[in-house]
Amino acid sequence: MNINLTIIGQAIAFFIFVVFCMKYVWPPITGALAERKKKIAEGLDAADRAERDLKLAQEKAADDMRASKEEAAAIIEQANKRATKIIEEAKEQAREEADRVKASAEAEVEQELNRAKDALRAQVGALAIAGAEKILEASIDEKAHAQLVEKLAAEL
Amino acid sequence: MASENPTSSEYISHHLSNLTFGNHPTGGWTFAGGEKAAEMGFWAINVDTMFFSILMGMIFIWLFRKVADSVTSGVPGNLQNFIESVVEFVDSNVKSIFHHKNPVIAPLALTVFVWIFLMNALKLIPVDFIPYIASEMGIPYWKIVPTTDINATMGMSISVFFLIIYYSIKVKGVSGFAAELSLQPLGKYFIPFNLFLEVVNLLAKPVSLGLRLFGNMYAGEIIFILIALLPFWAQWILSVPWAIFHILVIVLQAFIFMVLTIVYMAMAHDDH
């Protein structure tokens, strides 16, 4: 239990270890620790930011959805209106067409009738002439004459 | 062993002797232990203490340097994780005690803590293992725990003492340091008294620092040696609890040495 040179040897060793530790051990390790701390802080920051962004995006998406729903509803309504209008127009057109067809048909019937009347009139004339001829040709036979006239009248 | 069948006191004193190399007044340059080592005076060196303290220091440096070399700020491996937790533990202690800017203090504290811890940890090796192997190899004395050698602990505490003086003068200047030593606690009319008090105070720091570690380790070592004197079948009843208790003690003593070193450094930097 005696003090000797060891005390100095130990002090020298101590000094060397401290210097080595100071130069080559402490700075890299604490540097890495500080860097990791920074990285973690940045990561947490980024996570916060991402969360905030996500919330904003969700809100925006909801807004967009609502807006497009409203727009779609408006478009559908407009389309319905338009369809009704088109149907009304088509109906109107159809009615007009029908009227026109009916009118032209009526006109045609009228025309046909007139033509028939004319033909009839011509025939009656011819018949009257033929009857007259026959009356003139044949002997006067009152009975036959009367018969003829009656016949004529029936034919008219 | 010193003799074939040593008595208890021979056994104890043998296990507490360092292997010393020095110039013996009668035997010349030689290895010795016990009484003969004491006769060599100051100019002798405890080979076993130096060997194990430097070995432990090398292990510390090697381990930490290995991690520092491949250190990454990404996901750390197991070893890096462990080393980092040690570094952070020391760093948080330094930061809570030492509030000045000095790049030396934290590495100093780390070295003190880990080195002393490793030297103390040698104590958990059963007391007879290494000395037995050494004696088989023809080495008469071989004490393995450097911190049970007062030279080792005082060597460190005196280094701390010089650092205290160095930083006191560097921060406060020679006049500031002198004023700190002479003008308190009682003011300028009691300079001799103040000086006496402060110098005692100053000198008590390294002495208490070194002796505390030495005393704790030495006392624990003596208990281990006494337990080793028991019959072999009874030893574990005492040595196991004592060793488990010492797991606490070796960390605690390393921690105390580190914290006091930081505190003394902080005091040296504090300007009154």
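Author: Let's start with handedness: a crossing of two helices is left-handed if the near helix is turned anticlockwise from the far one by less than a right angle, and right-handed if clockwise. Keep in mind that what we're looking at is a predicted model.

Reader: Okay, so which way do α1(A) and α5(B) cross, left-handed or right-handed?

Author: The crossing of α1(A) and α5(B) is right-handed.

Reader: And what else do I need to describe a pair like that?

Author: In general, two packed helices are described by the angle between their axes and the distance between the axes. Here, helix α1 of chain A (residues 6-137) meets helix α5 of chain B (residues 105-121) at about 115°, and the axes are 8 Å apart. Angles of 65 to 115 degrees count as roughly perpendicular, so that is the word for α1(A) and α5(B).

Reader: Which residues of α1(A) and α5(B) make the contact?

Author: From α1(A) you get Phe17(A), Val18(A), Cys21(A), Met22(A), Val25(A) and Trp26(A). From α5(B) come Ala106(B), Pro107(B), Leu108(B), Leu110(B), Thr111(B) and Trp115(B). Sorted by class, that makes eleven nonpolar residues, one polar and no charged ones.

Reader: Zooming out, how many residues does each chain put into the contact?

Author: Chain A gives 30 residues and chain B gives 46. On the chain A side, 21 are nonpolar, six polar and three charged.

Reader: What does UniProt say about chain A, and what does the model have there?

Author: The unreviewed UniProt entry has a "coiled-coil region" at residues 40-122 of chain A. In the model that stretch is 100% helix and 0% strand, with its end C-alpha atoms 118 Å apart.

Reader: Now chain B. How do I read its sheet?

Author: Go by strand order and pairing. The sheet is open, with three strands in the order β2-β1-β3 (chain B) and antiparallel pairing. Its edge strands are β2 (28-32) and β3 (44-46) of chain B, each pairing on one side only. From one strand to the next, the twist averages 25°. Strand β1(B), residues 20-24, pairs with β3(B) over three bridges, and Thr20(B) has Asn46(B) as its bridge partner in β3(B).

Reader: What lies across β1 and β3 of chain B?

Author: That's helix α3 of chain B (residues 47-69), running at about 50° to β3(B).

Reader: Where does UniProt put the "transmembrane region" annotation in chain B?

Author: The unreviewed entry lists several spans, including 42-64 and 244-267. Residues 42-64 of chain B are 78% helix and 13% strand, with end C-alpha atoms 34 Å apart. Residues 244-267 of chain B are 100% helix and 0% strand, and there the ends are 35 Å apart.

Methods
Residues are numbered from 1 along each chain as its sequence is written. Chains are lettered from A and ligands numbered from 1 in the order in which they are written. This is a predicted model: local features need pLDDT of at least 70, side-chain atom pairs count only at pLDDT 80 or more; totals for chains, interfaces and linings use all residues. UniProt positions are given in the numbering used here, feature names are shortened, and annotations may be inferred rather than shown by experiment. Helices (H or I, at least four residues) and strands (E, at least two) are DSSP runs, numbered from the N terminus. Two strands pair if DSSP finds at least two bridges between them. Axes are lines fitted to C-alpha atoms, for helices over the stretch in contact, and angles run from 0 to 180 degrees between N-to-C directions. Two residues are in contact if their C-beta atoms, placed from the backbone, lie within 7 Å. Ala, Val, Leu, Ile, Met, Phe, Trp, Tyr, Cys and Pro count as nonpolar, Asp, Glu, Lys and Arg as charged, and the others, Gly among them, as polar. Angles under 35 degrees count as roughly parallel, over 145 as roughly antiparallel, 65 to 115 as roughly perpendicular and the rest as oblique.
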